[in-house]
Protein chains: 2
Amino acid sequence: MSRQAVDLQKAIIAVDLGGTNVRVAAFLADGRLLNWQDQPIQAHKGPEHGLTLIFESIEKVLIESQLPLQAIGVGSTGPLDRRRGCIQNPYTLPGWADVDIISPLKSKYQVPVAFENDADAAALGEAWMGAGRGVERLMMVTIGTGIGTGFVLNGKIYRGVESEHPEGGHILIDLNGPACYCGARGCWESLVSGPAIANFARQQTLVHSGYLFNQTQGAAEKITAAMIFAGDQAGDELCVQMVDRAGRYIGLGLVSLMMMLLPDCIVLGGGVMRSFERLKPRIEEVIARHAVIIPALKVGLQPAQLDQQAGIYGASRAAINLLEELLA
Amino acid sequence: MSRQAVDLQKAIIAVDLGGTNVRVAAFLADGRLLNWQDQPIQAHKGPEHGLTLIFESIEKVLIESQLPLQAIGVGSTGPLDRRRGCIQNPYTLPGWADVDIISPLKSKYQVPVAFENDADAAALGEAWMGAGRGVERLMMVTIGTGIGTGFVLNGKIYRGVESEHPEGGHILIDLNGPACYCGARGCWESLVSGPAIANFARQQTLVHSGYLFNQTQGAAEKITAAMIFAGDQAGDELCVQMVDRAGRYIGLGLVSLMMMLLPDCIVLGGGVMRSFERLKPRIEEVIARHAVIIPALKVGLQPAQLDQQAGIYGASRAAINLLEELLA
């Protein structure tokens, strides 16, 4: 490719592939979102069906944009094998393992295709057009079904050895905590992901009346994290305690992140962090108490701004970064 | 300064300033150590006395080198205020706080002076001429009186917000662990620094006979980490258990580092890690069990190679990096 700049008159296609939905968008390189669409991926129908859906969506948003295509970025639920273009997640996308989904895009559109883990894509999206704009060292922590981290350094995704994606959601917090599939006990995700919050409540609740008991008619297995946050809003004492506890554990994980990396800003996203304002005082309390030897107060704490769109913004920015590398 | 390369015919002076000794060396930019000397800093005599000692040492190694000077690098026990050139450590260098030790060097020698935390300097030294040569992402962990971390990314020291030094030795490991001056309970340093290892033994030992009891005539306060490692070598059961425990906690901290950053290589230095070969199987066991979702086996574990010289190598490399920045 000859030496030239990223083209502001050509489209970038962004794909955000989750276990449930796939979102496809057309962007300009200056960050303008031109149009997008979202549809169920129907993961059980397999990767061939999924790829057909993705191709159809791309055609649609591209035609609407009325622009020629210059690059594609794909953000996907991981773990990924980025070199081979495969998603290795038997739980959310069974049957997709070892299927190269990147080469078909490259060969059909004849443009560079970037491929990133969704936590990294979200971080890149927030760094580009969200809560972390202009920040040199941005850590994004997504707390939802799991806890994912993405570290963006000078506008580029930080990668580990052999370009592998680190899993900062599994740093250790409490050796006496619950067992996690990561191999540890009491890692961050095992303590305060959405399911972990609900799980803890399930163990507490049967002996109580109150909000959760009433909502579930005592069937503890029906408790969700969202229900606990709703109970907290309603002033239920047990729910208030559990949300305070969640804030405390979120804060403890952030203490370790700060000790390790002292980023300029930590952006907090995901379902649990929709309650950012509620959790913030608890989180700040823990940080103030536990991180006295580092300038923790210089580390900004921000709620994510792009919400569900972080993935497509990030996938788009990943495509631009790839173009810039190729053009350099 | 005009655009030119770092001069291979001029000396770089490296200063490694600790609470007990100051080491001064002359280097060539290709990493050759020309000569060095080490003397007690006599910290209680204050910074003026200390600076005189440093100036005398510099004169001596510089004359011996028979080369003109092009830059100075200082690595020092922290915390530092790098902008103001001050050491803010009331314990190891009392009376030095708020005294600018960098400006006198600049004004006397009229060359650029780099100033780095000792953990960062050691990491840079190992990355340049030690166990981490050629590594893209090098984490150095120094386990001695405390636990210090230095992260070298593409040959440059990683810095946190406003260029502050992160304190990876204080990541959380066990909420039920000992209280630490960092504000937390059960941070890494509180569990497995040299003093932490000794402290744990002091609490176990009075009810035992055996190696430690015999060495101290039952005066538990005399137990040191070195004594425990010696007892382990001698086959004392309690000491063996405590060294195994130390290996386990070292491993747990490394699990969190790997989850967060997946470096290519972790270099382990400091007094405790002189027993690298003894601790290695315990450390590897913990990593293999706890870090199953990341490619932890790709992360190399290496003993430090430069030992007590890591600081001067790193200070020298910091001076070269500063020269390169200024010449760029």
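Author: Copies are superposed by least squares on the C-alpha atoms of residues with pLDDT of at least 70 in both. This is a predicted model.

Reader: OK. Which residue of chain B comes closest to the rotation axis?

Author: D174(B), with its C-alpha at 2.4 Å.

Reader: What turn and shift lay chain B on chain A?

Author: A turn of 180° and a shift of 0.0 Å along the axis, giving an RMSD of 0.1 Å. The two copies are thus related as by a two-fold rotation axis.

Reader: And why do the copies meet through the same surface?

Author: Because 100% of the interface residues of chain B are also interface residues in chain A.

Reader: Switching to helices. At what angle do α3 and α10 of chain A pack?

Author: About 85°, with the axes 7 Å apart. Angles of 65 to 115 degrees count as roughly perpendicular, so α3(A) and α10(A) are roughly perpendicular to each other.

Reader: Which residues meet there?

Author: From α3(A), L124(A), W128(A) and M129(A) are among them. The α10(A) side includes Y313(A), R317(A) and I320(A). The contact residues divide into 10 nonpolar, five polar and two charged.

Reader: Now α9(A). How many residues, and what reach?

Author: Helix α9 of chain A covers 276–290, so 15 residues by count. From first C-alpha to last, α9(A) reaches 20 Å, close to the 21 Å expected.

Reader: Which of its residues are buried?

Author: F276(A), L279(A), I283(A), V286(A), I287(A) and H290(A).

Reader: Why might such a spacing matter?

Author: An α-helix has 3.6 residues a turn, so residues three or four places apart point the same way.

Reader: What do the buried residues of α9(A) pack against?

Author: Helices α7 and α8 plus strands β11 and β12, in chain A.

Key. Residues numbered from 1 in each chain as written. Chains lettered and ligands numbered in written order. Predicted model: local features only at pLDDT ≥ 70, side-chain atom pairs only at ≥ 80, totals over all residues. Heavy atoms only, no water. Helix = DSSP H or I, 4+ residues; strand = E, 2+ residues; numbered from the N terminus. Expected span 1.5 Å × (residues − 1). Buried < 20%, exposed > 50% of the residue type's maximum accessible area, 1.4 Å probe, protein only. Contact = heavy atoms within 4.5 Å. Axes fitted to C-alpha atoms, helices over the stretch in contact; angles between N-to-C directions. Parallel < 35°, antiparallel > 145°, perpendicular 65-115°, else oblique. Nonpolar A, V, L, I, M, F, W, Y, C, P; charged D, E, K, R; others polar.
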